[in-house]
Amino acid sequence: MSAWVESRIDRVEPATPRLKRFFLTTPLARHVAGQHVDVRLTAEDGYEARRSYSIASAPGASEIELLIERLDDGEVSLFFHDIALPGDTIELRGPLGGHFIWRPADGGPLLLVAGGSGVAPLMAMVRDWAGSARATPLMLVYSTRTSAELAFADELRALEATAPSFTWVAVTTREAPLRERDRGRRIDSAALRALLAAWGQRPAQVFVCGSNRFVEAVTVGLLDAGVPAPVIRTERYGGA
Ligand SMILES: Cc1cc2nc3c(=O)[nH]c(=O)nc-3n(C[C@H](O)[C@H](O)[C@H](O)COP(=O)(O)OP(=O)(O)OC[C@H]3O[C@@H](n4cnc5c(N)ncnc54)[C@H](O)[C@@H]3O)c2cc1C
């Protein structure tokens, strides 16, 4: 296991009402898109809390970016949202994770399905793809309750305008669809079938990330829609 290293929070930016972006300078080695870091907080009395956070930035970026959701009764996420400030240092270790990863050489077609803050590691893949593999078809299906909860919406719109092989579908479970191709209901196998048909690609690499319940529902839906199990990789953040 890699060593804990001091890393500096350079900037904090709101992404949505419940998500903040944290940009850190760290001596950690270059990551592969999809990997995460562990954070360790230590109180004066020696009490420790450790949590994992996916890296949202592209491999090789000068700072690493974390996207952290506020849980009102959470321990570490509330530290980030209410206490952490630019200039503070925290302990990180990583990059970690050898299964939920994508490199440009892995190719596609690439299907990414995100629920809420689960977009973080998939954004690292989108950014890596945008920098080096734009000919590979990529579809991002990104589900939140409302459009106000979509992180990175401007970046995704800009990418869509310039990269013909990039498709982005916003799923808003408590709001009407934003655009014609978007969806205003929870994703199920019928929705996935329709999205795959509209995309016109057979995904060869599929990454699903979000809460336990989201990952479970999407995986069942994908299998039902005929996507073979061996191409599906999942990352579960916990929670309901
Ligand atoms: C590989 C990986 C990557 C991740 N990446 C991200 C990411 O990019 N962004 C992100 O926001 N999250 C991510 N997570 C989730 C993250 O690690 C934390 O789980 C999340 O931030 C909540 O931590 P917390 O300390 O704020 O909440 P916690 O204090 O851990 O609480 C979480 C929930 O559990 C309940 N709970 C806590 N303790 C108990 C108890 N003893 N009994 C009953 N209930 C309890 C709380 O009420 C709360 O609802 C990732 C998880 C994994 C495994």
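This is a short tour of the strands and helices of a predicted model, one selection at a time.

Begin by selecting the six strands of the open sheet, which follow one another in the order E4-E3-E6-E1-E2-E5 with antiparallel pairing. Strands E4 (48-54) and E5 (64-69) stand at the edges with a single partner strand each, so one side of each is left without a neighbour in the sheet. Looking across this sheet, you will find neighbouring strands turned against each other by 40 degrees on average, direction ignored.

Next, select residues 19-25, which make up strand E2 and pair with E5 in the antiparallel sense over six bridges; within this pairing, Phe22 has Leu66 of E5 as its bridge partner. Then add helix H2 (residues 119-132), which packs on the sheet and touches E2, E4 and E5, its direction making about 150 degrees with that of E5.

From helix H2, move on to strand E8 (residues 138-144), where seven of the seven residues are buried, so that the strand is largely enclosed by the rest of the structure. With side chains displayed, Leu138, Leu140, Tyr142 and Thr144 point one way from E8, whereas Met139, Val141 and Ser143 point the other way.

Keep Tyr142 selected and look to the strands that pair with E8. Strand E7 (residues 110-115) runs parallel to E8 and is joined to it by six bridges, with Ala114 opposite Tyr142. Strand E9 (residues 166-172) also pairs with E8 in the parallel sense, over seven bridges, and here Ala170 stands opposite Tyr142.

Finally, trace the connections: E7, H2 and E8 make a right-handed β-α-β unit, and the chain then crosses from E8 through helix H3 (residues 153-162) to E9 in a β-α-β crossover that is right-handed.

Definitions and conventions
Residues are numbered from 1 along each chain as its sequence is written. This is a predicted model: local features need pLDDT of at least 70, side-chain atom pairs count only at pLDDT 80 or more; totals for chains, interfaces and linings use all residues. Side-chain values use heavy atoms; hydrogens and water are left out. Two strands pair if DSSP finds at least two bridges between them. Helices (H or I, at least four residues) and strands (E, at least two) are DSSP runs, numbered from the N terminus. Axes are lines fitted to C-alpha atoms, for helices over the stretch in contact, and angles run from 0 to 180 degrees between N-to-C directions. Contact means heavy atoms within 4.5 Å. Buried means under 20% relative accessible area, exposed over 50%, partly exposed in between (1.4 Å probe, protein chains only). A crossover is right-handed if, with the strands pointing away from the viewer, the path from the first strand over the helix to the second runs clockwise.
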